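User: I am new to reading protein models and would like a close look at one part, the place where the two chains meet. Could you walk me through it, and then show me what ties distant parts of a single chain together?

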Protein chains: 2
Amino acid sequence: MRQALALAEGALYVPSPNPRVGCVLVRDAKVIGAGATQRVGSHHAEVMALKDMAARGNDASGATMYITLEPCSHHGRTPPCVDAIIAARPTRVVFAHFDPNPSVAGRGMRRLREAGIVVDVGICADEALAINPGFVSRMTRALPYVWMKIAASLDGKTGLTNGVSQWITGPEARADGHHWRARSCVVLTGIGTVRADNPKMNVRHVVTARQPRRAVIDPGFEINDDAAVLSGEGAIVFTGDQNAEKAARFADRGITVVNVPEDSSAPAGQARRRIDMRAMMRWLAEHDTNEVHVEAGSGLNGALLQADCVDELLVYMAPMLLGEGLSMAQLPSLTKLEGVQRFEFTDVTRFGADVRLRARIASHWQELMQKIHLTQPGLDKAL
Amino acid sequence: MRQALALAEGALYVPSPNPRVGCVLVRDAKVIGAGATQRVGSHHAEVMALKDMAARGNDASGATMYITLEPCSHHGRTPPCVDAIIAARPTRVVFAHFDPNPSVAGRGMRRLREAGIVVDVGICADEALAINPGFVSRMTRALPYVWMKIAASLDGKTGLTNGVSQWITGPEARADGHHWRARSCVVLTGIGTVRADNPKMNVRHVVTARQPRRAVIDPGFEINDDAAVLSGEGAIVFTGDQNAEKAARFADRGITVVNVPEDSSAPAGQARRRIDMRAMMRWLAEHDTNEVHVEAGSGLNGALLQADCVDELLVYMAPMLLGEGLSMAQLPSLTKLEGVQRFEFTDVTRFGADVRLRARIASHWQELMQKIHLTQPGLDKAL
């Protein structure tokens, strides 16, 4: 299963909006075939592994098939993988967790068992979920999985008071940040960042065949036509303003303009208008977005956190103190620590001179874990 | 040598102001004697190890003696260790680094070599320095080694705007913080913290036979007679104000009141008066202070950093974002990132739900490393 997970990780940038899956066929403690999900519309991992097996002159009799996700049982863009597996007849299939896609959700397991193949489930489910949190989130919560990338000094400043922020963290941290952009479906920023820095928000420091879509939250639809973030394919502008003429101009360029209701719960008197962040996230999930990479300023960061639209923080911390400067997230002033949203650290890794801290909201993760286990009512019914 | 380092670490709380030293005698790959420095005035590690060897019925012939520090060659509170070693006649002595004490500084090695004992130096010097940075600093820079302990949220807030700071970090981080207090000679805080929290600043969550001295920076000599930090033995108040009557009252209670000049370089118009931090640190080094543990608010933290009086940061970070709140250190506003004091991360460790980041000033550390190597002019002369 570790090898299958590694294959799935190797496909992190590739198959969006499909999940990344790895598959390894083993007989007598030897790998006789292996594969990973290809680009959307092409083969799934199971078929790739079976093809690899055949190309090596092997067959599946007596073999165990390790897959990081339940094989699909439905006709999507490709025929069901379970048909191919049943045709190949491995002795046993082991997969990490159930496919939360309601078209599968246990049916893959049932089809295999009905065909007389031994099936075991639940090996390395947590590691497998970490490879596809967005796919599971979209299927089970109708929301993408959202991480917020922040680069800051040790005292939590993302830039100097005058806005200077290049370069607090070093090249290794920057490259890792681009790895996270590359695995996402959508890179999301705000009009404030666009105006201040005019960033491209594309993937540069790692090699990828697929660029994520770029999205800008722009309540007043103020973005300039020549903003760098709008170049490339599939840019999205989320706005609370109607401007039919500008929207039509953008549509001609392939830019999607999405009208999102304004946030009625936002505190009065705030400096900037807010759109309904949850509605925006639902729109993204409805439009095949598994993972959202947020890279924005403190205002938007705070708004997304307050709307409970963030699942994980990805904080790159440089070993310096800046004293005064820009904060990570604008949040309402608190008078006591009880009730503060607590994250949990899941990983701390050094990147060059910097440290990356990953922290996620435990309850969000547990919810996703539950959804890929048998305890889910839908799955119980399927079995 | 790893065993000797572990023995020295086991004595971290004990021998102040002596260095912590570990010593292991090995023959035929077997440990035949081991020891660590005892309380000041009692035996050094070498003598402890030789006594242990004798108690086990062994002698030193054919043995190698591993010591984390060059053995002393001078009469201090105890007779020179080299005499005891020469009397025991191990075949070889290996020590991690030279003793920066000008009374030793290579003379220990020379005495052993003159007695026909093979001597090797420099094994694990970095690890050994990490056990005694304060002793080396005091001997070579006439300054203590200073670390600043900060507990904060992920966005660098040490408390809420209203001052609430208990408990941002959890019990494991708190206990580790007390470990660092316990190994220090002096726990240093400011009058602002004393007024706000009236902390004891003693060691509680770990077991120690020795309490560090507590010191308060109090430029206006405003501290209350009943401040908790003044209880216990050996409290120190650093002040820029003369108040003979109050000073006499404190002296009667065993509290040392030290007059330090005010800092003439401090920026005008600042809210609080400042004493000369470097002068204070020199006083501490002159009074047998190896290691200083700073636990203070953002004002004092900033002043110490600006005066280049901090060698290391010890930051406990809790997985939460507070938005607004108290900052780690008040520093002058910057307009560019060039020239910012950069630390280097040396260790990242998880403590319960929190993470501890250690970051030191690389140039300070390199200076100390140089001083315990042969490149030091004084040592060259001695050899």
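Analyst: Let's begin with a term we will need later: a residue is called buried when its relative accessible area is under 20%, exposed when it is over 50%, and partly exposed in between. Please also keep in mind that this is a predicted model.

Now to the meeting place of the chains. Chain A brings 46 residues to the contact, and chain B brings 46 residues as well. The size of an interface is often given as the accessible area lost when the parts come together. Here, the area buried between chain A and chain B is about 3,800 Å², and carbon and sulfur atoms give 68% of that area. On the side of chain A, the residues that lose the most area to chain B are A:Leu321, A:Leu337 and A:Phe345, which together make up 20% of what that side buries.

What kinds of links cross this interface? Between chain A and chain B the count of salt bridges is zero, while six residue pairs are found in polar contact. You can also ask which elements of chain A take part. Those that give two or more residues to the side touching chain B are β13 (312-318), β15 (344-351) and β16 (354-360). Of these, β15(A) gives the most, with six residues. Sorted by class, this side of chain A has 27 nonpolar, ten polar and nine charged residues.

How are the two copies arranged? Two copies of a chain are related by a rotation about an axis and a shift along it. In this model, a turn of 180 degrees and a shift of 0.0 Å along the axis lay chain A on chain B with an RMSD of 0.0 Å. The two copies are therefore related as by a two-fold rotation axis. Within chain A, the residue that comes closest to this axis is A:Gly156, with its C-alpha at 2.3 Å. Both copies use the same surface, as 100% of the contact residues of chain A recur in chain B.

Now let's turn to the links inside one chain. Over all chains, the count comes to 38 salt bridges. One of them joins the side chains of A:Arg138 and A:Asp288, with N and O 3.4 Å apart. A:Arg138 sits in helix α6 (residues 133-141) and A:Asp288 in the loop between α10 (277-286) and β12 (291-294), so this pair ties together parts of chain A that are 150 residues apart in sequence. Here our opening term comes in handy: A:Arg138 has a relative accessible area of 13% and is buried, whereas A:Asp288, at 35%, is partly exposed.

Helix α6 also holds A:Arg141, whose partner A:Asp311 lies 170 residues away in the loop between α11 (298-306) and β13. Their side chains meet in a salt bridge of 3.0 Å, N to O. A:Arg141 counts as buried at 16% relative accessibility, and A:Asp311 counts as buried at 3%.

Another salt bridge pairs A:Lys149 with A:Glu295, whose closest N and O atoms are 3.5 Å apart. This pair links strand β6 (residues 145-153), which holds A:Lys149, to the loop between β12 and α11, which holds A:Glu295, 146 residues apart. Both A:Lys149 and A:Glu295 are buried. Finally, A:Arg20, A:Arg183 and A:Glu291 are joined into one network by salt bridges that share partners.

Note on methods
Residues are numbered from 1 along each chain as its sequence is written. Chains are lettered from A and ligands numbered from 1 in the order in which they are written. This is a predicted model: local features need pLDDT of at least 70, side-chain atom pairs count only at pLDDT 80 or more; totals for chains, interfaces and linings use all residues. Side-chain values use heavy atoms; hydrogens and water are left out. Contact means heavy atoms within 4.5 Å. Buried area is the accessible area (1.4 Å probe) that two parts lose on being put together, summed over both. A salt bridge is a side-chain nitrogen of Lys or Arg within 4 Å of a carboxyl oxygen of Asp or Glu. A polar contact is a pair of N or O atoms within 3.5 Å; within protein, one must be able to donate a hydrogen and the other to accept it, and residues adjacent in sequence count only if both atoms are side-chain atoms. Helices (H or I, at least four residues) and strands (E, at least two) are DSSP runs, numbered from the N terminus. Ala, Val, Leu, Ile, Met, Phe, Trp, Tyr, Cys and Pro count as nonpolar, Asp, Glu, Lys and Arg as charged, and the others, Gly among them, as polar. Buried means under 20% relative accessible area, exposed over 50%, partly exposed in between (1.4 Å probe, protein chains only). Copies are superposed by least squares on the C-alpha atoms of residues with pLDDT of at least 70 in both.
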